[in-house]
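Biologist: Please show me the sequence and the model, and then let us discuss the ligand and the domains.

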Amino acid sequence: MSLSAQPPASLFIDGQPVEGQGAALPVRYAYTGEVIATLHEATTDQVAAACTAARAAGPAWAALAPVERGRILGRAAAIILARNDELAWLETLDTGKPISETRVADWPSGAACLEYFAGLAATLTGQMIPLGADWAYTRREPLGVCAGIGAWNYPSQIACWKAAPALVMGNTMVFKPSEETPLGALKLAEIFIEAGMPPGVFNVVQGRGEVGAALVTNPDVAKVSLTGSVPTGRRVYAAAADGMRHVTMELGGKSPLIVFDDADLEDAVSAAILANFYSSGQICSNGTRVFLQEGIKEDFLARLAERVQAVHMGDPLDPATTHGPIISPAQAEKIRAAIRAGQAAGARLVCGGVGEGAFIPPTVFADATDDMSIATDEIFGPVLTALSFVDEAEAVLRANATGFGLAAGVFTQDLTRAHRVVAGLEAGTCWINTYNLTPVEMPFGGVKMSGLGRENSAAAIEHYSQLKSVYVGMGGVDAPY
Ligand code: NDP
């Protein structure tokens, strides 16, 4: 059966589907490689048209009462949840991720984010500052046109995570999905219009990196929020600096998961599975360096290898499938090269390996050293590297010995140790006795090379707004002459 997911047009500008006038962009289903849609990139003029539409829509959108903006986001969330099955199917075609995941993780997380910021809308206020007889106040104002640029692993969730705080604050947005996964953001644009959002508030352009670069440097753009790799983040941050644009950078990681010998072993193994193999390992916050305290190392690895046997690799549209294909042959090749490098460096392959075709099975390396590439580089695939340690101080020191700082986890039954270790870890998001849970209520983001700014929670509002201070003179003006 041939699958088709052709959208009405490739771009969405000023409330309308618009065909891209640039190069063809075939969208392939990662499982079979078949082309499920053919889109066209935006030209530089079309990127500019999207930014012009976003700028023009800004003043009226920002002038609405926040609760009205929130109501529209809330309606969009309700539409998403009502159509979750259909949207999950599309997300699976776009990404290759199993439908068992896309039904529960992708659009539902996007909807939760829209609901959260819909509720927050009416609470957005400034501050009143008494100054004796005089006083001052602050106004929290939108930045203007925000550019959102997404990665391919959670395309619809990323679009919602960026749009919700931006739009609720009265900004408008031009969003560019990854060229690998262009379909979800177009659906979001349609849903927003259906929910009553004015044309031009949320626009979508498609294309490869150059289209993203044109967007970042467009003079109308006041803020850039990128989810992507560190090298792209560096380029985008530098380009944004030229116009003194605000940035949020959600970048890559090589996060540590530290398991002490008093941990609940079964839970720690479950967390290691979630931290490495969900979405076939294509998750930025994955705990890919698993530090095991010496005494439990072999038991942990044996149990992990046993549990991994139950993985169900195969057709992503089969609800029983728990492990899907890698997004593209090129990405699969990069992961395979990383696995081969681990073997060549002398690490022990506990289970998994290079796999076949689009599939790479859950892969576990042990007896690695901290300087092997499997322990230093982000692989962005289902590859876990186990390292062993003797004591707490050593574990924290080695966990922090990386340029990345996105996330970290610790498993222990010792309450004080858990909090002490977390306090010492250089990471933006930490988990104690669990891993990779990112509810919208909790800020999410990285430190060091893993990024700047925070998504989700009330903290995200700070990254999509600026303060205006207003001094109010209540008496006469005293001048020296
Ligand atoms: P990339 O960095 O390759 O691309 C990210 C986005 O930036 C894509 O839309 C890409 O377009 C675009 N882009 C590329 N070059 C430029 C440029 N010069 N100017 C503007 N935009 C540009 O990342 P991937 O898509 O490969 O995603 C994987 C990476 O994302 C991993 O490193 C992962 O850790 C990180 N990530 C981080 C998350 C976080 O929240 N911290 C969450 C998810 C992923 P195109 O793809 O069309 O080239």
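Modeller: Domain bounds here come from an automatic or database domain assignment. This is a predicted model, in which local features need pLDDT of at least 70, side-chain atom pairs count only at pLDDT 80 or more, and totals for chains, interfaces and linings use all residues. Residues are numbered from 1 along each chain as its sequence is written, and side-chain values use heavy atoms, with hydrogens and water left out.

Biologist: Where does the ligand lie with respect to domain 1 and domain 2?

Modeller: The protein chain is divided into domain 1 (11–252 + 450–468) and domain 2 (256–432). Both domains give residues to the shell around the ligand, so the ligand lies between them.

Biologist: Which residues come nearest to the ligand?

Modeller: A residue counts as near if one of its heavy atoms lies within 4 Å of the molecule. Of the 29 residues around the ligand, those that come nearest are Gly-150, Ser-229, Thr-232, Leu-251 and Glu-378.

Biologist: How far from an oxygen atom of the ligand does a backbone N or O atom of Gly-207 lie?

Modeller: A polar contact is a pair of N or O atoms within 3.5 Å. A polar side-chain atom of Ser-178 lies 3.3 Å from a ligand oxygen atom. For a backbone N or O atom of Gly-207, the distance to an oxygen atom of the ligand is 3.1 Å.

Biologist: What area do domain 1 and domain 2 bury between them?

Modeller: Buried area is the accessible area (1.4 Å probe) that two parts lose on being put together, summed over both. Carbon and sulfur atoms carry 62% of it, and the area that domain 1 and domain 2 bury between them is about 2100 Å².

Technical notes:
A polar contact is a pair of N or O atoms within 3.5 Å; within protein, one must be able to donate a hydrogen and the other to accept it, and residues adjacent in sequence count only if both atoms are side-chain atoms.
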